[in-house]
Amino acid sequence: MRPDGPLVLGVDSGGSGFRVALAVVAPGERPTAGRRGAAGAVARVVGSREFGTPVPTGPGGIDARWLVERLVPVARELLDDAGAGGLRPVAAAVGAAGMAGLGDGLRALLPGALGAALGVRRLALASDAVTAYAGALGTVPGTVVAAGTGLVALGTDLVRWRRADGWGHLLGDCGSGAWIGRAGLEAALRAHDGRRGGSPALLARAEALFGPAAGLPGRLYPRTDRAAVLASFAPEVARCAADDPVAADVLVCAARHIAEAAAAVHPAGGAGDVALTGGLFRIGDPLLVPLREELARQLPGVRPVSAAGDPLSGALALAAALAADAPGLPAEPGLLDTYGN
């Protein structure tokens, strides 16, 4: 059945892979600022694809050509599957990890490439933190902590953005999946060496997953996806936390880092909620219980809420707002850039 409204394309590119979705904009809907979950009015998603390979990053930043070469055929496939006929997306939004510092190639290539290949007239290129915000809170003041392989906190009073962390697994992303996994593997290696602070339980889990501990550096360091590999150990830390004080302390420290990032960006005067989004929080109470305690301590009176949607739904919402020429979240170079008319 041919779609009954304008089509928009959303892309969510993170540290563990990327996702693409095609959606129909709600007929007659004009998104308005100031309502939670109202960043853009999407009637329904008509197709999506998910890829477990992250977009590569090289000396020039995020590899824009690699993304275009995979995104365009997938988008065409989604259009065909939706019975779009000659319809093309009127707007698209791409949210990518590292967009602020590594997105120059995307900003140079994607507006022209998506226009030529898919007929996209309007495009938003955003940090994945912005698409996480759009999905989680819409267009109300507040703070979103997006945590998976990496971690970034983003807050806005709808005039400007404030960002904390998101510096990558070598320089930051404190409290993220990669951070927790690295701390857990460090505790495992301490146990292997006989040093204080080691965890025999985490050592056993590390060797079960990765092989003998002595070979771990050689298996990990050369990998281009080492952040994702580190993050894959975070659920093991959570599983050990109930019976292992070292693992439990790793998660308490992670909770402190996450709450510090949220407190650093929350709008002045405490306006708005704090939403948590991303795969990290699926590890559950071993992290969420100490995190709620830290948020209450560092942001007293601020309400933690569940995210209304995820970063992919946020990308679709940004695209829908562009399609409707509607007010939305504040534009800021490197965080949210828009193209077209």
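The following exercises, each with a worked solution, concern salt bridges, nonpolar cores, a buried helix and a surface patch in a predicted model.

Because the model is predicted, local features need pLDDT of at least 70 and side-chain atom pairs count only at pLDDT 80 or more, whereas totals for chains, interfaces and linings use all residues. Residues are numbered from 1 along each chain as its sequence is written, and side-chain values use heavy atoms, with hydrogens and water left out.

**Exercise 1. Determine which residues have the most contacts inside the largest nonpolar core, and which helix gives the most to this core.**

Step 1. A nonpolar core is a set of buried Ala, Val, Leu, Ile, Met, Phe, Trp, Tyr and Cys residues joined through side-chain atoms within 4.5 Å. Buried means under 20% relative accessible area, exposed over 50%, and partly exposed in between (1.4 Å probe, protein chains only).

Step 2. The largest core has 48 residues, and I180, F281 and L291 have the most contacts inside it. Helix 10 (residues 245-265) gives the most to this core, with ten residues. Helices (H or I, at least four residues) and strands (E, at least two) are DSSP runs numbered from the N terminus.

Step 3. Contact means heavy atoms within 4.5 Å. Not counting residues up to four places away in sequence, I180 touches G175, A234, V237, V250, L251, A254 and L280.

Step 4. A second, separate core has 34 residues, including V25, V90, L318 and L322.

**Exercise 2. Describe the surroundings of E236 and state whether this residue is buried or exposed.**

Step 1. E236 lies in helix 9 and is buried, with a relative accessible area of 9%.

Step 2. The side chains of E236 and R205 meet in a salt bridge (2.8 Å, N to O). The pair links distant parts of the chain: E236 belongs to helix 9 (residues 234-240) and R205 to helix 6 (residues 200-210), 31 residues apart. A salt bridge is a side-chain nitrogen of Lys or Arg within 4 Å of a carboxyl oxygen of Asp or Glu.

Step 3. R205 counts as partly exposed, at 29% relative accessibility.

Step 4. The side chain of E236 also makes a polar contact with the side chain of R239 (2.7 Å). A polar contact is a pair of N or O atoms within 3.5 Å; within protein, one must be able to donate a hydrogen and the other to accept it, and residues adjacent in sequence count only if both atoms are side-chain atoms.

Step 5. Leaving aside neighbours within four places in sequence, E236 is in contact with L202, R205 and L209.

**Exercise 3. Explain why E186 and R190 are separated by about one helical turn.**

Step 1. The two residues form a salt bridge, with the closest N and O atoms 3.2 Å apart.

Step 2. E186 and R190 are separated by about one helical turn because they are four residues apart in helix 5. An α-helix has 3.6 residues a turn, so residues three or four places apart point the same way.

Step 3. E186 is partly exposed at 31% relative accessible area, and R190 is partly exposed at 24%.

**Exercise 4. Establish why helix 4 is largely enclosed by the rest of the structure.**

Step 1. Helix 4 (residues 128-136) is largely enclosed because eight of its nine residues are buried; among them are V130, Y133 and G135.

Step 2. S127 caps the N-terminal end of helix 4, a side-chain oxygen lying 3.0 Å from the backbone nitrogen of A129.

Step 3. G138, whose phi is positive, near 80°, follows helix 4.
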